[in-house]
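Thanks for coming. I will talk about cysteines today, and then about a helix.

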Amino acid sequence: MRALVAFAAIGFAAAAGAAELKAWTGGATPELALQDLQGRTHRLADYRGKVVLVNFWATWCEPCREEMPSFERLRQSFAGRPVEVLAVNLGEPVGRVERFLERMPLGFPMLLDRDTGVAKAWKARVVPATFVVGPDGRIRYVHYGELDWSSEPVRKRVAELLE
Amino acid sequence: MDRRAFLQTSAAAAAAALPWQPAAASAGWRTFETVTRVEVVNPRGVSRAWVPLPLTDDTDWQKAIGNSWAGNALRTQIATDGKYRVAMLYAEWRDGEPAPVIEVTSRFMTRDRAVELGKPLPNAETLTAAERAFYLSATELIPTDGIVRKTALEITKGAKSDVAKAHAIYQWVVDNTFRDPKTRGCGWGDIKSMLESGNLGGKCGDLNAMFVGLARSVGVPARDLYGVRVARSEYGYASLGVGSPNVTRAQHCRAEFFASGYGWVPVDPADVRKVVLEEPPGKLAVSDPKVEAARKRLFGSWEMNWLAYNMGHDVKLPDSSGPALPYLMYVNAETGGEMRDQLDPDTLKYAITAREVKA
């Protein structure tokens with residue numbers, strides 16, 4: 001008799017345009033403590049009280065590159081309000097990340113997950129993977145794949161978390 | 001020619017003649033990228049594709065970095081088989097999508113792997129009773145009773161340890177099977193039929209499954225690992241690597257057995273038979289020094305110019321109406337409820353490229 005196998009869905013993404021943030025059902029929020037390009041350590045716990053978008057990405061990932069400016073637009077649209085973006089690069093050399101930022105200047109921290117251990121803890125096995133963390137420090141939404149993070153539906157979700 | 005140039009030339013010539021040359025590359029981790037592009041041609045109704053992804057769990061010899069995808073799928077999902085942790089990217093296109101396409105990029109690191117048999121490790125991996133039972137169990141095409149066990153008992157007569165049993169089986173597979181170039185794909189590993197018919201020809205999916213089934217049937221935990229070659233061999237074997245970035249047809253599976261004091265031990269008797277058939281000038285004798293060196297080397301080591309996808313058997317694709325697959329090593333797709341031929345990348349239209357990523 002053939003073995004019956006159960007499949008566990010780790011990621012889900014809809015095509016751009018029809019995308020919606022998916023409510024997080026993956027359990028406790030993993031730790032995050034990583035250095036940025038300047039060597040400063042960022043801990044998720046330090047951002048308590050803010051909505052934080054944790055975006056796992058890589059320069060070799062085309063959808064990651066495509067959606068990156070939308071994080072900047074989202075951040076700027078919430079200027080003066082407690083909304084932050086933390087970009088987490090998957091194990092690439094510092095020089096490659098710096099060259100990317102020379103071409104695409106971004107105003108939010110670029111963290112280095114050198115051994116991809118944090119990405120694995122967050123189950124970010126497909127990139128881009130973005131987690132929306134509420135002011136209480138808990139993951140509220142997740143999206144795998146490219147998305148316009150400055151779109152009105154996304155901005156509405158973020159604004160709701162600030163209320 | 002001056003003396004210095006002569007010596008250099010002579011040394012190079014001597015090295016070239018040596019079987020299993022020392023690797024030219026660094027022994028450390030190497031980073032690779034594969035890009036798998038899938039197009040469902042002539043779609044009819046809803047289309048679906050299943051693309052194997054690198055091994056879920058990190059090991060001492062392979063670490064996943066990440067995957068990304070681009071294309072026009074309505075939805076995608078990373079699915080993991082709950083039994084073997086077979087990871088795949090599932091893509092689905094709506095009815096009416098004229099040109100379903102998805103491109104999956106995977107990055108991962110590998111480093112060569114060798115277990116020094118004869119020197120047990122104090123901190124070697126152990127198996128729980130449940131894990132041991134799992135890696136001794138039969139699969140749809142790999143029974144562990146009847147002719148399989150009878151054959152294995154004869155092969156391992158007198159062998160006491162798991163290493164000795166595994167070695168006897170490895171030698172038997174190398175000496176009694178052959179690589180059949182006419183086998184489609186890598187062979188599905190129907191080892192009972194092979195033994196009953198006496199036709200022991202096949203490819204890696206057959207020959208390494210034979211090793212696994214024989215080993216399991218006499219109590220030696222063993223497993224197949226399915227993957228794809230991604231680079232040329234650095235050890236001087238043209239047949240054990242790929243010569244171009246196009247690796248669409250370079251799928252290859254390997255095997256491991258478990259031995260107390262050593263943990264999982266890599267083997268690849270099928271590749272010894274590949275050397276016999278394909279290593280230039282071709283059709284080498286088993287006594288050829290290149291074959292002998294490969295035979296010695298491939299019991300206990302793997303060159304990691306290869307990406308491991310998974311170790312699953314009897315894999316049921318999520319949301320597919322088709323039967324379970326003996327293993328998932330190829331891209332699979334269906335349209336209008338009909339599976340496309342996974343062994344025909346032109347019909348299904350998929351292509352895999354691989355490259356090493358330098359820092």
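One term before we start: a residue counts as buried when its relative accessible area is under 20%, and as exposed when that area is over 50%. What you see is a predicted model.

Take B:C253 to begin with. Its relative accessibility is 0%, so B:C253 is buried. B:C204 has 2% relative accessibility and is therefore buried as well.

Why is B:C204 not bonded to a cysteine? The closest cysteine sulfur, in B:C253, is 3.1 Å from the sulfur of B:C204, and that is too far for a bond. The cut-off used here is that two cysteine sulfur atoms must be within 2.5 Å. Seen from the other side, B:C253 is in no disulfide either, and its nearest cysteine sulfur is that of B:C204.

How many disulfides does the structure hold over all chains? One. That bond joins A:C61 to A:C64, with the two sulfurs 2.2 Å apart. The angle about the S-S bond is 85 degrees, and the link between A:C61 and A:C64 is right-handed. Both A:C61 and A:C64 are buried.

A:C64 also takes us to the helix, since it is one of the buried residues of α1 in chain A. Others buried in that helix include A:P63, A:E67, A:M68, A:F71 and A:L74. In an α-helix there are 3.6 residues a turn, so residues three or four places apart point the same way.

Where does helix α1 of chain A bend? The helix covers residues 62-77, and the bend, about 30 degrees, is at A:M68. A proline, A:P69, follows within four residues of that bend.

Methods. Residues are numbered from 1 along each chain as its sequence is written. Chains are lettered from A and ligands numbered from 1 in the order in which they are written. This is a predicted model: local features need pLDDT of at least 70, side-chain atom pairs count only at pLDDT 80 or more; totals for chains, interfaces and linings use all residues. Side-chain values use heavy atoms; hydrogens and water are left out. The bend at a residue is the angle between axes fitted to the seven residues ending there and the seven starting there. Helices (H or I, at least four residues) and strands (E, at least two) are DSSP runs, numbered from the N terminus. Buried means under 20% relative accessible area, exposed over 50%, partly exposed in between (1.4 Å probe, protein chains only).
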